[in-house]
Amino acid sequence: MTPAGATSGAPAEFPPASPAGRGMFGNQGTGDVSGFGGLVRQHRTIEDSPRPYGGYFDEVRDALEEAYPAFGEAIEKVVVDRGELTLHIRPERIAEVCQVMRDDSALRFELCSSVSGVDYLGADERRLHVVYQLTSMTYRRRVRLEAAVSVEQPHLPSVTSVYPTADWQEREAYDMSHTAQGERCLTRH
């Protein structure tokens, strides 16, 4: 049974299907007094960042490449944006990369502080992304791992054998990935 008021038909409940992404919260037409009615969100492609990245980012990338022989097959791209390092990982390799990130003495990312799901509806062919925030308490560093899957193949290995703290967060990402119609979008194995 749906609670009263749970489905108000508000634009935030149903993301706009328009690839242009016009208006604040998908608002179109009259009633927008916020001044954001003309806002157009630009979809930009995320590309590899050129080296040198700066800071400790080069050291992290080089240490991972040295410690993980399948680096070239597992890492889709390395992106530095807004002062953060993101490694885009092939979904089937996420648990292996996490294992190396945790166990290699030059990396020591001991903590997975967050796992979240992002749906890039209309912006990416593999629109379901899972984002892992890793922290090295030893070296006081942070890195983001991101793996993308399609709605047709929504399977991603669990990283709980490496980071037990990811268990409930993976479950939440799974639960949040259900569409309004109740179909399963993201599974872990």
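Here is a walk through this protein, from its overall layout to its core and then to the parts to read with care.

Keep in mind that you're looking at a predicted model. The protein has four helices and seven strands. If you trace them along the sequence, the order goes α-α-β-β-α-β-β-β-β-α-β. Of the 189 residues, 35% are buried. The accessible surface adds up to about 11,400 Å², and carbon and sulfur atoms own 52% of that. What about residues that sit far apart in the sequence but touch in the fold? Among contacts with a separation of 6 or more, 51% are between residues 24 or more positions apart.

Now let's go inside. The largest nonpolar core holds 37 residues, and Leu64, Met101 and Tyr132 have the most contacts inside it. Plenty of elements chip in: α1 (57-67), α2 (71-74), β1 (75-81), β2 (84-89), α3 (94-103), β3 (111-119), β4 (128-136) and β5 (141-149) each supply at least two residues of this core. Which of them gives the most? That's α3, with six residues.

Met101 is a good place to stop and look around. Leaving out residues up to four places away in sequence, Met101 touches Val60, Leu64, Leu87, Leu107, Arg108, Phe109, Leu134, Val143 and Tyr163. Notice that Leu64, one of those partners, is also among the residues with the most contacts inside the core.

Next, find β4. Is this strand mostly covered or mostly open? It's mostly covered, with eight of its nine residues buried. β4 pairs with β3 through eight bridges, and the two run antiparallel. To see how they line up, look for Val118, which stands opposite His129 in β4. β4 also pairs with β5, again antiparallel, this time over nine bridges. Here Leu128 stands opposite Val149 in β5. β4 and β5 make a hairpin with four residues between them, and in that turn you'll find Arg140, with a positive phi of about 55 degrees.

Finally, how far can you trust what you see? The average pLDDT is 81, and 70% of the residues score at least 70. Confidence peaks in α3, at 98, and is lowest in strand β7 (residues 187-188), at a mean of 56. Over residues 10-20 the pLDDT is below 50, though this stretch has 13 contacts in the model beyond near neighbours in sequence. Residues 179-185 also stay under 50, and the model gives them eight contacts beyond four places in sequence. Where pLDDT is low, don't read the predicted coordinates in detail.

Methods. Residues are numbered from 1 along each chain as its sequence is written. This is a predicted model: local features need pLDDT of at least 70, side-chain atom pairs count only at pLDDT 80 or more; totals for chains, interfaces and linings use all residues. Side-chain values use heavy atoms; hydrogens and water are left out. A nonpolar core is a set of buried Ala, Val, Leu, Ile, Met, Phe, Trp, Tyr and Cys residues joined through side-chain atoms within 4.5 Å. Buried means under 20% relative accessible area, exposed over 50%, partly exposed in between (1.4 Å probe, protein chains only). Contact means heavy atoms within 4.5 Å. Two strands pair if DSSP finds at least two bridges between them. Accessible areas come from the Shrake-Rupley method with a 1.4 Å probe; for residues, only the protein chains shown count as cover. pLDDT is the predictor's confidence in each residue, from 0 to 100.
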